[in-house]
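Me: Could you take a close look at the aromatic rings for me? I'm new to this one, so please keep it plain.

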Amino acid sequence: MVSKKGYKNWHTTFSAVVARATMAKSATLGTSNLFIMRSGYFNSVDTDWYKKRFYRLLICIVVGYSILFVRLYYFQILKGEDLRRMAENNYVRLESLPPSRGLIYDSNGELLVDNRPSFNISIILEDAPNPEQVIKRLALLLNIPPAPLLKKIQGARRSQPFKPIILKSDVRRDELAVIKTRRFDLPGIIVAVEPQRHYLMESGASHLIGYLGEISQRELTSGRYPDNKSGDFIGKFGVEKTCGSYFLGKRGGRQIVADALGRTTEVLNTVEATPGKNVYLTIDRRLQKVAEDMLSKKISGAVLAMDPNNGHILAIASSPSFDQNALVEGMSHSEWKAVVANPLHPLGNKAIQGQYPPGSVYKIITAMAALEEGVVAADTEHFCQGYYKFRNRRFRCWQEAGHGNLNIREALAQSCDVFFYKVGEKLGVDRLARYAKGCGLGLRTGIRRDNEAMGLVPTMSWKLRRFGSPWQKGETRVLAIGQGFNLVTPVQMVSLISAVANGGIRYRPVIIKEIRDYDGTLLETTAPEILGRLPASKETLSIIKKGLEDAVNTRSGTGWSVRLPGGVMAGKTGTAQVIKLAEDRDTKEEDIPFRFRDHAWFIAYGPTKKPSIAVAVLVEHGGHGSTAAAPIAREVIKTYLELYPEELYPENTELGI
Amino acid sequence: MFDRRLVQHFDWVLLIITILIATVGVITLYSAVAGDPARSYLYVKQLYWLGIGATFMTAAFIVDYKLLEQWAVPIYLFSIILLIVVLFFGKVVSGSQRWLTLGPISFQPSELAKITCVIILARHFSKDITHEGMSVRDLFKPFLWVIVPFCLIAMEPDLGSALLILLVAGSIILFIKIRRGSFIFLAALGASGMPLVWSFLKGYQKQRILTFLNPDRDPMGAGYHIIQSKIAIGSGMLSGKGFLKGTQSYLSFLPEQHTDFIFSVLAEEWGFLGAVTMITLFLVLLVWGINIALRSRENFGTIVAVGIVSMIGWQVVINVGMTMGLMPVVGVPLPLISYGGSSVLTVMIGIGLLMNISMRRFMFQRFGR
């Protein structure tokens, strides 16, 4: 080998380098007899130097891998027997600790939905030497047929032998006692406590809150529920669904040591589950109750109350309702079928999904368009003789005797059809449609709920597209009083009356007031969101408001019968025809089949001076707005002003009903 | 034009070792996914990947590797662009954005970057390698070459791949020698920079490192995995439970048993003898790779070979060490054994380059170039 000094002068003694390199090469590999030279670019190093580096690299690798070998030897040879025993007993297992689902409160912090403990009987197949026999014994103890239980364990053995399979959920305490005393006859059977959803308001606010159901295969594979596994309960409807991610919380777990029979002998480690977040709704539980109680006297309908100053929904009810607790605890097939097949659609939320012709309530929009477009002035009068004749066709006013001469304020208060026939005729369908859309009709209000309906604002081009026939002038007249093709939802109506009440601001309807952590820390608050303004000047709105006040507070007004002392309520009645009956309709309401009866509307607000609540009531096939819908709205507003007397102006305090 | 000597010098030993390792890999993978019907097709997919990998490997040894030296910068920039693209358009899988999707296949640009970093460093160092070793100033440019892909990959985040690039670069630098004073300076700098790095880590990454230091910290996650992995490996004992007889893996106690924890499956079923055999196969591969590096008579080839050897070597040590609780749980696959197309392609390309360097060693025998 060449001495170290050789490195220094390799630049000068070229041939020496070659010779040295050749020797080195032959010595180590013995494969090559050729001349060798490293071909770097500018300066370079020789093979000896490289060899030293390679030896170091080799040593590093050998040392590193030796550690792996030693570690393997330690686990597999020295500790192998212990570890194999652990493996055979499946020594360490993971047990999941489900988080408790977030709670739901009303705006005042009153609990609406919580969780109660539910005892579930499950089986771990790997721990049951003969699961079929165990299940038959269990069925005998619980006095239920074994066949459905046996079906649940089919095919599960291979895929998940350690996952508990729920055989019977929510068992009664006496059943529990029986199982516990016979434990040793039932190897592999475990009883686990799981939180179960409990709705405190029996069938209350059920459409708003929704309910839970077991996650379906389709939902599992949809990717929208990444944190859930099969068997979990998820929100299927309502706030339970839309706020689902808030309620979830974080799953905890326990590492346990189990013996050969699957009994826990030691808990190694526990990570507690983190409860989900709590949701505070904007509704007031007491107001909600009144709305529902009033509505339950009718066959079907919807009630909405809104704070006109921020869009908070104070009450939202749809009738008929359903029992959420029954849904969560599990309905029988026939019960479920009865709910689904009910022609009144108890599962549908009529407040946001129901679409109805608005009836005379729509006159607010016709009046707004007429005043804004200059079709009428505040003092323009039209004469009503009980009908409006156009080319041999008589368009009737609801008041057969006629209203005589009236201005727009009186026309609104008395809901004179003839006045609005004339005004609508001058406006034309498309101008009317522009104002309707400006008031939010034909659009979703943006209430954050699933399946909100849009309603319909007809225009000339719409009719041509839809029916292929041109618009008829007569249809505009019908439209102007809210009949015809017009369709609105109750939530659109409450938004409209709310905007009229607050001076023209259209707020997005809000149902979630705030989100708090389980320990009460405020996490999110919903800020009021302005969607737009009504297409109306202050003067126009003040005329309309006067009309609405007169409608309730003057003897000739359509809502006189539901007036509140002090004149604190203003409103508009509506009666929406379901089918076009003969123009001269003399049939009494009671003689018409239910499904052809008119829908009753009433939209209102109060107190008139400084409105703090707006209400929309729809009673499906309820008949007249003034008799079927208005009393409900009156009760809701009256209750609200009693609950929050500070909302009343001092001069209105004589409200002492 | 085609040189007959290329065929004569073809590295059959390397090919045979590769085929042996890949065979062990497919057999182990078959067993790892057999108990899970949702994944049992994966070993077939892995066979496809190996087929594609063989094509890439062939391409990697047919083209003269000196071309790589000429094209090193464009190739490097291409891989950097891919790393940027993946940050914006990559597919997000369980919280990190690592995959680029092209039609039916998706791959990880971070895997490609491992090779391109080796190439760019080899090109850089092959020009100014000296007996004295590198000074801190000499290392400034290489540092830039490495830190860019490192940061991009860490942002995905894919801490395992990012650290691997750092380790490979460090190994190359140590191999070509660094001055003692510079080494101490850099080591001190690195140690003092740790708290800064720590503050950049994501929550789960901190968790993993803390879990490694203290497995009881996270009994439900990584800590549990390590315990189950240790039980699986240990219960294999001397000769193992036999093919498809591993209960730990079959009962789905092992997490990621077809990717990160596949070694546990192998060690459980084939025991100490099987595990040692597999690690020895890798050891033979590495020693053979060093032999190739040594026999290559020009600097670029030598350094590329050393880089690839350290890339494969580190992955084996980290992955196997992780399953036995020697390393924190970072997602580094076991080369040719873990399921995963990108990893298979990268390793096969690397082996192809080793073959390339091995069979072209005769080209630099004469004086001059």
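Reply: Let's start with a group that draws on both chains: Trp49(A), Tyr50(A), Phe54(A) and Phe175(B) come together as one aromatic cluster. Rings of Phe, Tyr and Trp (its six-membered ring) count as a pair if their centres lie within 6.5 Å; planes under 30 degrees apart are called stacked, over 60 edge-to-face, and the rest tilted. Keep in mind that this is a predicted model, where local features need pLDDT of at least 70 and side-chain atom pairs pLDDT 80 or more, while totals for chains, interfaces and linings use all residues. Residues are numbered from 1 along each chain as its sequence is written, chains are lettered from A and ligands numbered from 1 in the order written, and side-chain values use heavy atoms, without hydrogens or water.

Searching the whole structure turns up 27 aromatic pairs over all chains. One of them joins Tyr640(A) and Tyr644(A), a tilted pair with 4.9 Å from centre to centre and 40° between the planes. Tyr640(A) is buried, at a relative accessible area of just 5% (buried means under 20%, exposed over 50%, partly exposed in between, with a 1.4 Å probe and protein chains only). Its partner Tyr644(A), at 17%, counts as buried too.

Now hop over to chain B, where the ring centres of Phe88(B) and Phe89(B) sit 6.5 Å apart with their planes at 50°, so this pair is tilted as well. Here the rings belong to exposed residues: Phe88(B) has 61% relative accessibility, and Phe89(B) has 67%.
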